Each structure stands twice: as C-alpha cells, then as structure tokens.
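This report describes selected local features of one protein model. It proceeds from a single strand residue to charge pairs, cysteines, backbone geometry and one helix.

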Amino acid sequence: MSARVMVIEDEAKIAALLRDYLEAAGYAVRVCAEGVDAVSQTLGWPADMVVLDVNLPGKDGFTICRELRAASDLPILMLTARVEEIDRVLGLELGADDYVCKPFSPREVVARVRAQLRRSQGMPGERAAAGPLRIDAAAHEALLNGSPLALTPVEFRLLKALAARPGSVLSRAQLIDAAYADHRIVSERTMDSHLKNLRRKLQEAGGEAVGIEGVYGVGYKLVLD
C-alpha cells in the first residue's frame, strides 16, 4: 500500500505541483488548503506524513504542527518563506522533523519526504535495550518501564543512537548524523532543542531511571540509574 502524504498548502499552484511530483513518486496524496480543517483531515484519513506550510488561512502551520504532534508521531515537513533561524527552531521545537525554505525544488521535497518515511518506518529487526528502556526500530516504538514514549521521529532516532552506547558520550556531530541521514547543516541550538524535549519526556515517563546528560564541550550520553 502506498504511503499517504497530506499536503497542507493554501497556494493552489504550489499544492498542485507537490501533488503531481509526490504522486509520480508513488505516494497517495491529499491536499488541504484551510488551516482550520488540517488536523481533522490528516488524522481522519489517516496520513503517514505531512507536508505543512507555515502561512495558512484560519490557523497557522506552527499551531497545526503542535496539535498534530500532540496526537501523533507522524513525520512533519514544514514549508516556510520565513528564513530567520528563530522560525526554523520554533518549528522544530514544536515537533517538526524537517523544513524546506521557499522557493524550493519539488524534487527536493520528494527526496525529503522519502527520507522521513524511510526513517519513521525503521529497519526490520533493529532492537536495542538499555536498562528499563526498550527500542524496536521496526515497530518505531520506544518503551520505558513497559510504557510507550510519545517521541517524534527525530527524537526516536536520537534516543536509539544514545541507547546503543549507554554511558558513552556522543558528539553533536554524531547525533546529527544519527538524526539526519542527508548530512544537512543543523545548528547546535536546534539539536539542543530536540535533546531538551527528549530529556523532558524521559523524565516524565521514568523519573531518574533513564536520563540524558550533557558533557561540556564534548556532547551527550545516556545514563541509567
């Protein structure tokens, strides 16, 4: 069955272009042009991936991203004309997995959609365990003390990399490579935001049983109580 991609974009020409390229790549595509309907349409279909414009009528993309992330861990790729870093960081802090700045190449969008879907599906047979933490990449599932963690795809990949070497310090460069296979340039602030969110979720789920510690000037490590 083809993966389902919801394109949330109010500019008809851009939406049609993305639909054409994504369908040519083998994906099932739906388009939503109104921000107020975006979440219900995405979850009701249901979509496997979202391509989300920041500027939308009725409800902006950041609000939609926050609402989608509260209900699902499906990958979110944001389209933005706002090139300021604060907007990009804000989108990622709200749970977006990637972003593309306008104007963009539709082929690049297709490539990023493909990469996000591939990562979210995981590789069959990949499992890891660290203390009370269990990770199953094939099921895209992380359990702490038997309870599932609600992680974004980026957070899941970061946790998987840290759990593979508990107690060992991974540099920011190593973590970026683990989170983003396309070797893009990601700011330290962006990576710190992802790790901050991941650390908070671990604390909320398991107290001090599993944590992430920063080692000044070196990187981060997973620590077990």
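Strands are DSSP runs of E of at least two residues, and they are numbered from the N terminus. The model discussed here is predicted.

**Arg4 and its surroundings**

Arg4 belongs to strand 1, which covers residues 4-8. Although Arg4 is buried, it has no salt bridge. A salt bridge requires a side-chain nitrogen of Lys or Arg within 4 Å of a carboxyl oxygen of Asp or Glu, and the nearest side chain of opposite charge to Arg4, that of Asp48, is 5.4 Å away. A polar atom of the Arg4 side chain lies 2.9 Å from the backbone oxygen of Trp45. Leaving aside residues up to four places away in sequence, Arg4 touches Ala28, Trp45, Pro46, Ala47, Asp48 and Met49.

**Backbone geometry**

Two of these contacts of Arg4, Trp45 and Pro46, are themselves joined by a cis peptide bond with omega of about -5°. Pro46 is placed in the loop between helix 2 (35-44) and strand 3 (49-53). Another cis peptide bond, also with omega of about -5°, joins Lys102 and Pro103. Pro103 sits in the loop between strand 5 (98-101) and helix 5 (106-121). Most residues other than glycine have a negative phi, and most peptide bonds are trans. Asn145, which is not a glycine, has a positive phi of about 55°. Asn145 is located in the loop between strand 8 (141-144) and strand 9 (147-148), and it is partly exposed, with a relative accessible area of 48%.

**Salt bridges**

Side chains of opposite charge can pair when their charged atoms come close. Over the whole structure, a search finds eleven salt bridges; the table includes three of them.

| Pair | Closest N to O distance |
|---|---|
| Asp53 and Lys102 | 3.2 Å |
| Arg112 and Glu108 | 2.9 Å |
| Arg200 and Glu204 | 3.5 Å |

What does the pair of Asp53 and Lys102 tie together? Asp53 lies in strand 3 and Lys102 in the loop between strand 5 and helix 5, so their salt bridge links parts that are 49 residues apart in sequence. Both Asp53 and Lys102 are buried.

Arg112 and Glu108 are four residues apart in helix 5, so about one helical turn separates them. Arg112 is buried, with a relative accessible area of 17%, whereas Glu108 is partly exposed at 30%.

Arg200 and Glu204 are both in helix 8, likewise four residues apart, about one turn of the helix. Here Arg200 is partly exposed, with a relative accessible area of 36%, and Glu204 counts as exposed at 59% relative accessibility. Elsewhere, salt bridges that share partners join Glu9, Glu11, Asp53 and Lys102 into one network.

**Helix 8**

Helix 8 comprises 19 residues, 188-206. How does the expected span of helix 8 at 1.5 Å a residue relate to the distance between its end C-alpha atoms? The expected span is 27 Å and the end C-alpha atoms are 26 Å apart, so the two values agree. An α-helix has 3.6 residues a turn, so residues three or four places apart point the same way. Buried residues of helix 8 include Thr190, Met191, His194, Leu195, Leu198, Lys201 and Leu202.

**Cysteines**

A disulfide is a covalent bond between the sulfur atoms of two cysteines. How many disulfides does the structure hold? The structure holds zero. The sulfur of Cys32 is 15 Å from the closest cysteine sulfur, that of Cys65, and is therefore too far for a bond. For Cys101 the closest cysteine sulfur is in Cys65, at 15 Å, which is too far for a bond. To count as a disulfide, a pair of cysteine sulfur atoms must be within 2.5 Å. Cys32 is buried, with a relative accessible area of 2%, while Cys101 is partly exposed at 25%.

**Asn55**

Asn55 is placed in the loop between strand 3 and helix 3 (61-71). Asn55 is partly exposed, with a relative accessible area of 38%. Apart from residues up to four places away in sequence, Asn55 touches Asp10 and Arg82. Asn55 and Ser40 are 15 residues apart along the chain, and their C-alpha atoms are separated by 18 Å.

Definitions and conventions:
Residues are numbered from 1 along each chain as its sequence is written. This is a predicted model: local features need pLDDT of at least 70, side-chain atom pairs count only at pLDDT 80 or more; totals for chains, interfaces and linings use all residues. Side-chain values use heavy atoms; hydrogens and water are left out. Buried means under 20% relative accessible area, exposed over 50%, partly exposed in between (1.4 Å probe, protein chains only). The expected span of a helix is 1.5 Å times one less than its number of residues. Lys and Arg count as positive and Asp and Glu as negative; His and the chain ends are not counted. A polar contact is a pair of N or O atoms within 3.5 Å; within protein, one must be able to donate a hydrogen and the other to accept it, and residues adjacent in sequence count only if both atoms are side-chain atoms. Contact means heavy atoms within 4.5 Å.
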